[in-house]
Amino acid sequence: EFFQKVHSYYHHSSSTITAIIDFLLSRQEEYSVSGNEINFENEADAKRFQDLIHELSYLHREKQSLDEVISDHNRELEKKLLFR
């Protein structure tokens, strides 16, 4: 379970970040940046970018799940070490 969650998290992370970078590179002249805001000329592009960014929140939830598995595993190891 642990290795599946780790693989899933890192695979999704790299895929999402690559998709965001590829999307922005393919539209270099079609958006502007002002501070931390990106404005697209095309509404469809704005929606697609918003969807890609939304995937980051899914990754956050996936990371929390991974952290929970690690925490549970560490608690079990501590118990075993204490009761040796």
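1. In this model, L24 touches Y31, I38, F40 and F49, not counting residues up to four places away in sequence. The model is a predicted one, and the remarks below should be read with that in mind. L24 itself lies in helix α1, and at 17% relative accessibility it counts as buried, because the cut-off for that class is under 20%. Along the chain, L24 and F83 are 59 residues apart, and their C-alpha atoms are separated by 54 Å.

2. On the overall architecture, the protein chain comes to 2 helices and 2 strands, which follow the pattern α-β-β-α when read along the sequence. The radius of gyration of the protein chain is 19 Å, well over the 12 Å that the globule rule gives for 84 residues, so the chain is more spread out than a compact globule. Taken along the principal axes, the C-alpha atoms fill a box of roughly 65 × 25 × 15 Å.

3. On surface and packing, 17% of the 84 residues of the protein chain count as buried. The accessible surface of the chain comes to about 6,800 Å², and 54% of this belongs to carbon and sulfur atoms. If one considers contacts between residues at least 6 apart in sequence, 60% of them join residues at least 24 apart.

4. Which residues do ring pairs link into a cluster? The members are F23, Y31, F40 and F49, and three of these names, Y31, F40 and F49, also appear among the residues that L24 touches. Two members of the cluster can be described further: F40 is buried, with a relative accessible area of 12%, and F49 likewise counts as buried at 12% relative accessibility.

5. On the geometry of the aromatic pairs, the count for the structure comes to 5. The rings of Y9 and Y10 have their centres 5.0 Å apart and their planes at 75 degrees, and because an angle over 60 degrees is called edge-to-face, that is the class of this pair. The rings of F40 and F49, by contrast, have their centres 5.3 Å apart and their planes at 50 degrees, so this pair is tilted. As for the surroundings of the first pair, Y9 counts as buried, at 15% relative accessibility.

6. D45 deserves a separate remark. Its place is in helix α2, which covers residues 43-82, and with a relative accessible area of 9% D45 is buried. Leaving aside residues up to four places away in sequence, D45 touches F23, R27, E30 and F40, and two of these, F23 and F40, belong to the aromatic cluster described above. The side chains of D45 and R27 are also joined by a polar contact of 2.9 Å.

7. How many salt bridges does a search of the whole structure find? The search finds 5, and one of them is formed by D45 with R27, where the closest N and O atoms are 2.9 Å apart. D45 lies in helix α2 and R27 in the loop between α1 (2-26) and β1 (31-34), so the pair ties together parts that are 18 residues apart in sequence. The two partners fall into separate accessibility classes, in that D45 is buried at 9%, whereas R27 is partly exposed, with a relative accessible area of 22%.

8. Two further salt bridges lie within helix α2. The side chains of R75 and D72 meet in one of them, at 2.3 Å from N to O, and these two residues, being 3 residues apart in helix α2, are separated by about one helical turn. R75 is partly exposed, with a relative accessible area of 43%, and D72 also counts as partly exposed, at 34% relative accessibility.

9. The other bridge is formed by the side chains of E76 and K79, which meet at 3.7 Å from N to O; since a salt bridge is assigned within 4 Å, this pair qualifies. E76 and K79 both lie in helix α2, 3 residues apart, which is about one turn of the helix. At 42% relative accessibility E76 counts as partly exposed, and K79 falls in the partly exposed class at 46%. As a general matter, side chains of opposite charge can pair when their charged atoms come close.

Notes
Residues are numbered from 1 along each chain as its sequence is written. This is a predicted model: local features need pLDDT of at least 70, side-chain atom pairs count only at pLDDT 80 or more; totals for chains, interfaces and linings use all residues. Side-chain values use heavy atoms; hydrogens and water are left out. Rings of Phe, Tyr and Trp (its six-membered ring) pair if their centres lie within 6.5 Å; planes under 30 degrees apart count as stacked, over 60 as edge-to-face and the rest as tilted. Buried means under 20% relative accessible area, exposed over 50%, partly exposed in between (1.4 Å probe, protein chains only). Helices (H or I, at least four residues) and strands (E, at least two) are DSSP runs, numbered from the N terminus. A polar contact is a pair of N or O atoms within 3.5 Å; within protein, one must be able to donate a hydrogen and the other to accept it, and residues adjacent in sequence count only if both atoms are side-chain atoms. Contact means heavy atoms within 4.5 Å. The radius of gyration is taken over C-alpha atoms; the globule rule is 2.2 Å times the number of residues to the power 0.38. Accessible areas come from the Shrake-Rupley method with a 1.4 Å probe; for residues, only the protein chains shown count as cover.
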